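Here is a short tour of the structure you have open. Let's walk through it piece by piece.

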Amino acid sequence: MKSLEELKKLREKLQSDTKLRAADGIKVIVGMGTCGIAAGAREVMAALMDEVKKRGVAGVAFQQTGCIGMCDKEVLVDIISPGGPRITYGNVRPSDAGRLVAEHVVNGQIVKDLVVAKSV
Amino acid sequence: MRDLSLHVLDLVQNAVAAGAKNISLLIGEDGEKDLLSIEVSDDGKGMAPDFAACAKDPFATTRTSRKVGLGLPLMDMTAKRAGGRLDIDSRPGEGTKITAVYRLSHIDRPPLGDIAATVKIIAAGCQGIFFRYEHRKGHNAFVLDTKAMREILGGEVDFGESAVMEWLDGFLREGLLALDKTEG
Ligand code: FES
């Protein structure tokens with residue numbers, strides 16, 4: 001049974017193993033405005049979390065953001081590596097999660113065909 | 001929106017966008033009264049009275065001036081179709097409370113959907129916000145309070161960290177399963 005007790009243990013583990021910490025790791029942000037949600041943002045986020053778990057990647061922080069005004073390109077996913085640019089991917093489907101995690105999150109390679117914007 | 005859990009995600013996003021510091025989600029399934037209720041309340045900036053009055057009307061304002069999106073009119077429509085209603089109680093500067101009720105057994109009631117996935121994602125985005133989720137089913141209740149999580153995790157750990165998300169996923173799924181248990 002998952003309990004708050006287990007969360008305490010998790011905290012100890014996170015404190016002792018800094019590799020597991022996301023504080024200066026990679027950020028994955030999914031747009032969750034109304035049209036993002038309708039376009040499947042929640043499923044995309046779940047698929048990304050799944051991939052991260054499957055590959056045992058540590059230190060990834062997931063976040064969500066509201067409407068960013070690119071409704072026609074939903075689902076939108078931003079990936080920010082420490083010190084790197086902010087890459088915005090558009091028209092992301094749950095089936096793209098594998099590539100985004102394997103290529104960008106793990107190997108730092110931008111998945112070119114899905115990029116819609118880039119900012120520093 | 002395919003199911004109610006996606007509407008819930010949308011409602012909570014509105015509360016976050018309204019600058020709320022405390023957000024509460026209450027879901028109640030009452031078989032005896034044949035009612036399913038969803039209530040989201042926040043202490044965000046609230047809506048002006050004229051805005052709240054037409055927030056359910058998809059044609060009342062232009063798309064660009066509309067800050068709460070099309071989520072509320074959509075939700076109002078599905079609630080009415082399922083023998084229920086949507087109420088908006090909002091005061092500028094104090095907050096907003098949205099209540100949706102459905103007939104539990106109504107054939108047109110959308111399924112609740114994956115509420116655990118919704119709550120998990122809300123919690124991930126709740127850095128400076130206290131979010132409380134309570135789900136009642138008959139005599140059983142399940143509560144997730146990010147305040148309690150924050151107390152355990154301390155200041156530095158991000159709720160969105162994959163290890164925390166994994167714990168939360170299990171905690172929610174087991175807690176929600178237990179809601180069905182002891183009830184005959
Ligand atoms: S909600 Fe999609 S860009 Fe506005």
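## A helix and what surrounds it

Right after α4(A) comes Gly108(A), a residue with a positive phi, near 70°. This is a predicted model, so please read what follows with that in mind.

Helix α4 of chain A spans residues 97–106 and is mostly covered, with 7 of its 10 residues buried. The buried residues of α4(A) are Ala97(A), Gly98(A), Leu100(A), Val101(A), Ala102(A), His104(A) and Val105(A). What do they pack against? Their partners in chain A are one helix region, α3 (41–54), together with β1 (26–31), β2 (60–65), β3 (77–80) and β4 (86–89).

## Chain A as a whole

Stepping back, chain A has 4 helices and 5 strands. Read from the N terminus, its elements follow the order α-β-α-α-β-β-β-α-β. The radius of gyration of chain A is 15 Å, close to the 14 Å that the globule rule gives for 120 residues, so chain A is as compact as a globular protein of that length.

Along the principal axes, the C-alpha atoms of chain A fill a box of roughly 45 × 30 × 20 Å. Of its 120 residues, 44% count as buried. If you take the contacts in chain A between residues at least 6 apart in sequence, 64% of them join residues at least 24 apart.

## A glycine in a loop

Now find Gly25(A), which sits in the loop between α1 (4–16) and β1 of chain A. Is Gly25(A) buried or partly exposed? Its relative accessibility is 22%, and buried means under 20%, so Gly25(A) counts as partly exposed.

Setting aside neighbours within four places in sequence, Gly25(A) is in contact with Gly59(A), Ile80(A) and Pro82(A). Asn91(A), by comparison, lies 66 residues from Gly25(A) in sequence and 25 Å from it in space, C-alpha to C-alpha.

## A buried histidine in chain B

Over in chain B, strand β5 (residues 130–137) holds His135(B). With a relative accessible area of 2%, His135(B) is buried. Its side chain makes a polar contact with the side chain of Tyr133(B), at 2.8 Å.

Which other residues does His135(B) touch, not counting those up to four places away in sequence? They are Ile27(B), Glu29(B), Leu112(B), Asn140(B), Ala141(B), Phe142(B), Leu176(B) and Leu179(B).

## Where the two chains meet

The contact between the chains draws 38 residues from chain B and 34 residues from chain A. Together the two chains bury about 3100 Å², and 64% of that is on carbon and sulfur atoms. Of the area that chain B buries against chain A, 22% is supplied by Ile121(B), Ile152(B) and Trp167(B), more than by any other three residues.

There is 1 salt bridge between chain B and chain A. It joins Arg2(B) to Glu43(A), with the closest N and O atoms 3.3 Å apart. The interface also has 13 residue pairs in polar contact, both residues being at pLDDT 80 or more.

Which elements of chain B give two or more residues to the side that touches chain A? They are α1 (4–17), α4 (115–124), α5 (146–153) and α6 (162–180) of chain B. The largest share of that side, 9 residues, comes from α6(B). Sorted by class, the side of chain B that touches chain A has 18 nonpolar, 10 polar and 10 charged residues.

Terms used
Residues are numbered from 1 along each chain as its sequence is written. Chains are lettered from A and ligands numbered from 1 in the order in which they are written. Side-chain values use heavy atoms; hydrogens and water are left out. Contact means heavy atoms within 4.5 Å. Buried area is the accessible area (1.4 Å probe) that two parts lose on being put together, summed over both. A salt bridge is a side-chain nitrogen of Lys or Arg within 4 Å of a carboxyl oxygen of Asp or Glu. A polar contact is a pair of N or O atoms within 3.5 Å; within protein, one must be able to donate a hydrogen and the other to accept it, and residues adjacent in sequence count only if both atoms are side-chain atoms. Ala, Val, Leu, Ile, Met, Phe, Trp, Tyr, Cys and Pro count as nonpolar, Asp, Glu, Lys and Arg as charged, and the others, Gly among them, as polar. The radius of gyration is taken over C-alpha atoms; the globule rule is 2.2 Å times the number of residues to the power 0.38. Buried means under 20% relative accessible area, exposed over 50%, partly exposed in between (1.4 Å probe, protein chains only).
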